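Thanks for coming. I will go through one model this morning, starting with the overall picture and then moving to a few local regions.

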Amino acid sequence: MSSRKPAVGVAPFADRLLAWYDVHGRNHLPWQTPRSAYRVWLSEVMLQQTQVATVIPYFERFVARFPDFRSLADADIDEVLALWAGLGYYARGRNLHAAAKQVVSLHRGEMPNDLEAVQALPGVGRSTAAAILAQAFGARHAILDGNVKRVLARHAAVGGWPGTPKVAEQLWAISERLLPTTRLADYTQAIMDLGATLCTARAPACARCPVAADCIAYRDDRVSAFPAPKPAKARPYRRATLLLVENAHGAILIERRPPTGIWGGLWSLPVAAEGESADELLRQRHGIRVEPLDTLPAFRHAFTHFELELTPLVCALIDNDEVPAEVHERPEQRWLTIGPRSDAALAGIGLPAPVLGFLSRRYALNATHDTSTPDPCPAPSTASSSGSKPKASRVRQSPATLASASTSKSRNRPGPNGSRTRPG
Ligand code: SF4
C-alpha cells in the first residue's frame, strides 16, 4: 500500500505534505500565535464537529474573557455556556469547564505533557489529546480525526467504514507509520489541512494534492469509494411542546435544563415531551397553573440521533393578577421581562439556538449572537392556529423522554471544509 512505503523515486509522505503546507497550509490561525497548550486545547475542543471559520470568532471571544485555565476554571458555568451558545454540542462547553478545573486541581494550572493525562481530561479523546501534545509541545503522536481518516483511507485504499474498530485500527497504524521525526506541530496541522482543503469529502482536488503520486484511490480512479459510508440507519423523529408562559407583567418563564440530555445545563423555555401534560409539568416543576392560549406553527431542529419537531404553545398564568413576577423565582427558574433590551439579555443567558431563534422571531428581537434558524415546517395536525387547547398538552400520558444524550446539529453538520467530523 502506498501509505506504507513510498513509491520508488517519491519523497516520503511527510516531506511532501510539509512542503505543501509551507506554501498552502493554514499557518495563521488565531490559536497558532501564540501556540500555547491552553489555546491549542481550546481550539481542538471547539473544532470537534465544527468548521474553522465558525470557530474563529468563538475562540477569540473565549480567550479574551478566559485567557488561561485558571480564569476558565473559576468562571461560572452559566457564563461559559453563554459564550459557547451557538456552537452547538453543549456537552463540549460543560466538558471544557470541567477539564479546566481538572487541570488546575491536578496539574497546577498547566496542561500535562503526557498522552494519558491529557486523555483523562473531560471531552478529550485519543486523537484530540495527540493533536494537543503535537501542536503544543511538538510531541510525536499520531492523530486520526475525521479529515485524517478520509485522507488515509483514500491514500491507502482502506475499505470499510472507519467507525468500526477494525478499520480504525488499520488507520491508526497507518497514521503512526507516516509520522515524521521533526516538525510534528506543523505536520499535524498539515494533514488536517490536507483533509479540510484538498482531500475533501465531496470535491477532492487530486490534481493539486502533494501525495497524489502514491495515492491508491486516485491511481485506481476510486476516490469516491473511500472511506466507506456509515451503514444507513433511519434517524428517529420526535415531537415536543415548547412552553411559552407569559405573566401579566410581560415576563416569560425560563428554566435551567437538567445537566444531561438535550441542551444540558442551558436555560430554555420549558419543554414538554410528546404526550406530557403542559399543565402538569408546570405545576410540578414550577408550582404554577396555566391556561393554554395559542398553538403556534411548529419548527424542526436536527440533533445527531434524532429530529425534534417543536410546537410552541403560548400559556397564560391562571389568576396571575395575584402572582407578582418575583414570587416564583427559584434557583432553576427565572422570569424574564421582554422589552427593548431583551435581545442582549437573552443572548447573555446562553439559550439554545433554536429557542433563542424562536423568541427573536416572536418578539422581533435582534439576537446578538449567531442563532441557528430552524427549518420551518407545517404545524402538525394537532396544532390549531389560534385559541385551541391542544389535546396532547391536556391529556396526561407517560412522557416520552427527551433525555437521551444527543447533540445539536443545526449549525454544525460535519462539513468537508475544515470541520473535525468526529470528536475525540
Ligand atoms: S490524491 Fe486525491 S484522494 Fe488521494 S490523498 Fe490526494 S486528494 Fe485525497
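**Overall picture**

Of the 424 residues in this protein, 44% count as buried. Keep in mind that the model is a predicted one. The secondary structure comprises 16 helices and eight strands. Among contacts with a separation of 6 or more, 71% are between residues 24 or more positions apart.

**The surroundings of the ligand**

Next, the ligand. Which residues come nearest to the ligand, of the 14 around it? They are Cys199, Cys206, Cys209, Ala212 and Cys215. By class, the shell holds twelve nonpolar residues, one polar residue and one charged residue. Two helices, α9 (146–155) and α12 (216–219), each supply at least two residues of that shell. The largest share comes from α9, which gives three residues.

Let me stay with Ala212 for a moment. Ala212 sits in the loop between α11 (184–198) and α12. Is Ala212 buried, exposed or partly exposed? Ala212 has 19 C-beta neighbours inside 10 Å, and 20 or more would be needed for buried, so Ala212 counts as partly exposed. If we leave aside neighbours within four places in sequence, Ala212 is in contact with Cys206 and Tyr218. Ala212 and His155 are 57 residues apart in sequence, yet their C-alpha atoms are 7.9 Å apart in space.

**Helix α9 against α10**

In general, two packed helices are described by the angle between their axes and the distance between the axes. For α9 and helix α10 (residues 165–177), the axes come within 10 Å and cross at roughly 85°. That makes α9 roughly perpendicular to α10. On the α9 side, the residues involved are Val148, Lys149, Leu152 and Ala153; they meet Leu171, Ile174 and Ser175 in α10. By class, this contact has five nonpolar residues, one polar residue and one charged residue.

**Two helices and their burial**

Now helix α2, residues 37–47. How many of the eleven residues of α2 are buried? Eleven of the eleven are, so the helix is mostly covered. The buried residues include Arg39 and Glu44, along with Tyr38 and Trp41. The buried residues of α2 pack against four helices: α3 (52–65), α4 (69–74), α6 (91–107) and α8 (126–137). Just after α2, Gln49 takes a positive phi of about 70°.

Helix α13, residues 278–286, has a shorter list of names: its buried residues are Ala278, Asp279, Leu281 and Leu282. Seen down the axis of α13, these buried residues fall within an arc of 165°, so they line one face of the helix. A positive phi turns up here too, with Gly287 at about 65° just after α13.

**A residue in a strand-to-strand loop**

The last stop is Ile318, in the loop between β7 (307–317) and β8 (333–337). Ile318 has 12 C-beta neighbours inside 10 Å and therefore counts as exposed. What is Ile318 in contact with, leaving aside its neighbours within four places in sequence? The partners are Arg289, Val290 and Glu291. For Glu291, the separation from Ile318 is 27 residues in sequence and 6.2 Å in space, C-alpha to C-alpha.

To recap, the shell around the ligand has twelve nonpolar residues, α9 crosses α10 at roughly 85°, and α2 is mostly covered. That is the end of my part.

Methods
Residues are numbered from 1 along each chain as its sequence is written. This is a predicted model: local features need pLDDT of at least 70, side-chain atom pairs count only at pLDDT 80 or more; totals for chains, interfaces and linings use all residues. The arc is that of the directions from the helix axis to the C-beta atoms. A residue is near a molecule or strand if its C-beta atom, placed from the backbone, lies within 6 Å of it. Ala, Val, Leu, Ile, Met, Phe, Trp, Tyr, Cys and Pro count as nonpolar, Asp, Glu, Lys and Arg as charged, and the others, Gly among them, as polar. Two residues are in contact if their C-beta atoms, placed from the backbone, lie within 7 Å. Axes are lines fitted to C-alpha atoms, for helices over the stretch in contact, and angles run from 0 to 180 degrees between N-to-C directions. Angles under 35 degrees count as roughly parallel, over 145 as roughly antiparallel, 65 to 115 as roughly perpendicular and the rest as oblique.
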